[in-house]
Amino acid sequence: MIQDLLHSSPGILNFGIFFVLALLLLFVILGFVTYAILAERKVLGFMQGRIGPNQLGGRWGLLQTVADVLKLLVKEDLIPKAADRPLFIIAPVIAFAPSFIVMATIPLTDKLQFADLNVGLLYYIAISGISVIGTLMAAWASNNKYSLLGGMRAAAQMVSYEIPLVMSGLGIVLLTGSLNLNEIVAQQQESGWFILWQPIAFVVFFISATAELYRVPFDLAEAENELVAGFHTEYSGFRWAMFMLSEYVYMFAMASLISVLFLGGWLPPFEFLGFIPGAVWFALKFSLVIYILIWFRATFPRMRADQLMEFAWKVLLPVALANIFLTALLKELLNIF
């Protein structure tokens, strides 16, 4: 594993290896983001009876998002005169950094992971919550009422849906007795995927994750037809792109976490399929979760702000608490974990 390579190397060399691997991971993720945007456009076009990008880069429009990235890089970087300049500049960085950092503890396979922490799940939840600071900072620093309103909505949404997200994950912690993501996957090899044992938790977790990602139908934080562009109304060029990048990287991280917690990570669905590499199974499960998130975007209408908050506190939270009670009861009665 990657951590074994780091432990076996001395001081400066250790840091150099870590830096190179982190940089490599960043470029891989950026490449994924580039073509995830193209994939999303293609899937949305298919579902809505449209063509989608099909000109740049040949028949499939493979260079469309490359052209978009170049456009964002050369686009004029505007900072409002009345904005709080230091906060305005650093806010996109604070919004993006946690989305990349959380990837460190997610095991992509049994041999591909940056850090195997005993509290890997807790680490993910704690670090992912930091991004809301960047959102609020961007909203406040813009000195724009639309941005501030979007930022307040984003913060309220993040805090509200973080609770049922954590509560639904507690059912798995009860069954495994561990916060270590590798141990959670190992337990599924013995007892089966947790989506079978925790279907209620899976539904609550998936819905809460969609809200945490600010994706339809929970995208009120940046609802263009209501708030101009939400908390990043005053941002342009690459600073705006960092907010979009943060959203997509979080989507990758959340899809990876769902695959690990509920779909067995890199494990095959049946033992006789074990000859297929674990990385392939993980990629298939990961792609399925991403596809469903895109499917949601093409299907559901946006919720009202009051509906969004009521759904978190009056529906998802009670269901998540009931799931914890049922899980504890199941574990005691069946005694199979």
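## Pockets and aromatic pairs

Helix α2 gives the largest share of the lining of the second largest pocket, namely six residues. That is a good place to start a tour of this predicted model. The second largest pocket holds a volume of about 520 Å³. Its lining counts 21 residues, and those closest to the centre are Leu25, Val28, Phe32, Leu108 and Leu112. Alongside α2, the helices α12 and α13 (278-299) each supply at least two residues of this lining. Sorted by character, the lining has 17 nonpolar and four polar residues, with no charged ones.

Now for the largest pocket, which contains about 770 Å³ of space. Here 34 residues form the lining, and Glu222, Trp240, Met244, Glu247 and Tyr248 lie nearest the centre. The elements that contribute two or more residues to this lining are α2 (11-47), α3 (64-74), α6 (131-141) and α12 (237-262). Of these, α12 makes the largest contribution, with seven residues. Charged residues do appear in this lining: there are 13 of them, together with 16 nonpolar and five polar residues.

The table puts the make-up of the two linings side by side.

| Pocket | Nonpolar | Polar | Charged |
|---|---|---|---|
| Largest pocket | 16 nonpolar residues | five polar residues | 13 charged residues |
| Second largest pocket | 17 nonpolar residues | four polar residues | no charged residues |

Let us turn to the aromatic side chains. The model has 14 aromatic pairs. In one of them, the ring centres of Phe202 and Phe206 are 5.7 Å apart and the ring planes meet at 55°, so this pair counts as tilted. The cut-off explains the label: planes under 30 degrees apart would be stacked and those over 60 edge-to-face, so an angle between these limits is tilted. Phe202 and Phe206 are separated by about one helical turn, because they sit four residues apart in helix α10 (residues 199-212). Both of these phenylalanines are buried.

A second pair has another geometry. Tyr235 and Phe243 have ring centres 5.0 Å apart and planes at 75°, so they count as edge-to-face. Tyr235 and Phe243 are both buried as well.

Which residues form one aromatic cluster with Phe202 and Phe206? The other members are Phe205, Phe262, Phe296 and Phe300.

Conventions:
Residues are numbered from 1 along each chain as its sequence is written. This is a predicted model: local features need pLDDT of at least 70, side-chain atom pairs count only at pLDDT 80 or more; totals for chains, interfaces and linings use all residues. Side-chain values use heavy atoms; hydrogens and water are left out. On a 1 Å grid over the protein atoms alone, a cavity is a set of points where a 1.4 Å probe fits but cannot get out, and a pocket is an open set with protein on both sides within 12 Å along at least five of seven lines; lining residues have an atom within 4 Å of a point. Grid points are joined across faces, edges and corners, and a volume is the space filled by probe spheres set on the points. Ala, Val, Leu, Ile, Met, Phe, Trp, Tyr, Cys and Pro count as nonpolar, Asp, Glu, Lys and Arg as charged, and the others, Gly among them, as polar. Rings of Phe, Tyr and Trp (its six-membered ring) pair if their centres lie within 6.5 Å; planes under 30 degrees apart count as stacked, over 60 as edge-to-face and the rest as tilted. Buried means under 20% relative accessible area, exposed over 50%, partly exposed in between (1.4 Å probe, protein chains only).
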